Amino acid sequence: MLIFTCPYCGVAAEETELAAGGEAHLTRFGPGSSDDDFESYLFTRENPKGVHFERWRHVYGCGKWFHAARCTVSNEVFGTYSAQTTEPTAEIRETISKKRPGWSWRDMNGEG
Ligand SMILES: [Zn+2]
């Protein structure tokens with residue numbers, strides 16, 4: 001079972017106390033964007049075998065959304081952090097790099 005520590009209230013919550021919100025760090029495309037960008041925003045997701053960044057909500061706790069980094073193969077949790085960020089924190093990236101040599105953060109939308 002997945003256990004995430006909520007970065008807001010500090011509770012170590014089991015996944016049954018949480019609601020999954022899909023992939024984190026998506027770039028939103030709305031009115032005025034190209035059809036390809038909007039389609040990609042709606043339907044294209046990473047689905048990696050390994051390190052993944054996700055949105056979770058502490059539904060049966062403080063109710064807030066947060067981000068979590070975990071391994072989709074082993075379910076190892078690398079950390080949780082504020083949902084008010086556009087990319088993983090330096091601390092999270094460092095933790096993952098130590099545990100998964102060769103891994104590096106990349107922009108998931110192919111920009112930059
Ligand atoms: Zn919480």
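In this predicted model, strands S5 and S6 form a hairpin in which five residues lie between the two strands. Within that turn, Asn 75 adopts a positive phi of about 65 degrees. The two strands run antiparallel and are joined by five bridges. Across this pairing, Ala 69 faces Gly 79 in S6.

On its other pairing, S5 (residues 65-71) meets S4 (residues 51-57), again in the antiparallel sense, over seven bridges. Two facing pairs can be named here: Trp 56 is opposite Phe 66 in S5, and Phe 53 is opposite Ala 69 in S5. Ala 69 thus has a facing residue in S4, namely Phe 53, and another in S6, namely Gly 79. The table collects these positions.

| Residue | Residue opposite | Strand of the residue opposite |
|---|---|---|
| Trp 56 | Phe 66 | S5 |
| Phe 53 | Ala 69 | S5 |
| Ala 69 | Gly 79 | S6 |

The hairpin belongs to an open sheet of four strands, with the order S3-S4-S5-S6 and antiparallel pairing. Strand S3 (19-23) and strand S6 (77-82) occupy the edges; each has a single partner strand, so one side of each lacks a neighbour in the sheet. From one strand to the next, the twist averages 30 degrees.

Helix H2 (residues 90-99) packs on this sheet and touches S4, S5 and S6. The direction of H2 makes about 170 degrees with that of S6. Strand S5 is mostly covered, with five of its seven residues buried.

A further position of interest is Gly 50, which is located in the loop between helix H1 (35-43) and S4. Is Gly 50 buried or partly exposed? Gly 50 counts as partly exposed because it has 13 C-beta neighbours inside 10 Å, whereas a buried residue requires 20 or more and an exposed one has 12 or fewer. When residues up to four places away in sequence are not counted, Gly 50 touches Cys 71, Thr 72 and Val 73. Cys 71 falls within the residue range 65-71 of strand S5. Gly 50 and Lys 64, by contrast, are 14 residues apart in sequence and lie 26 Å apart in space, C-alpha to C-alpha.

Definitions and conventions. Residues are numbered from 1 along each chain as its sequence is written. This is a predicted model: local features need pLDDT of at least 70, side-chain atom pairs count only at pLDDT 80 or more; totals for chains, interfaces and linings use all residues. Two strands pair if DSSP finds at least two bridges between them. Axes are lines fitted to C-alpha atoms, for helices over the stretch in contact, and angles run from 0 to 180 degrees between N-to-C directions. Two residues are in contact if their C-beta atoms, placed from the backbone, lie within 7 Å.
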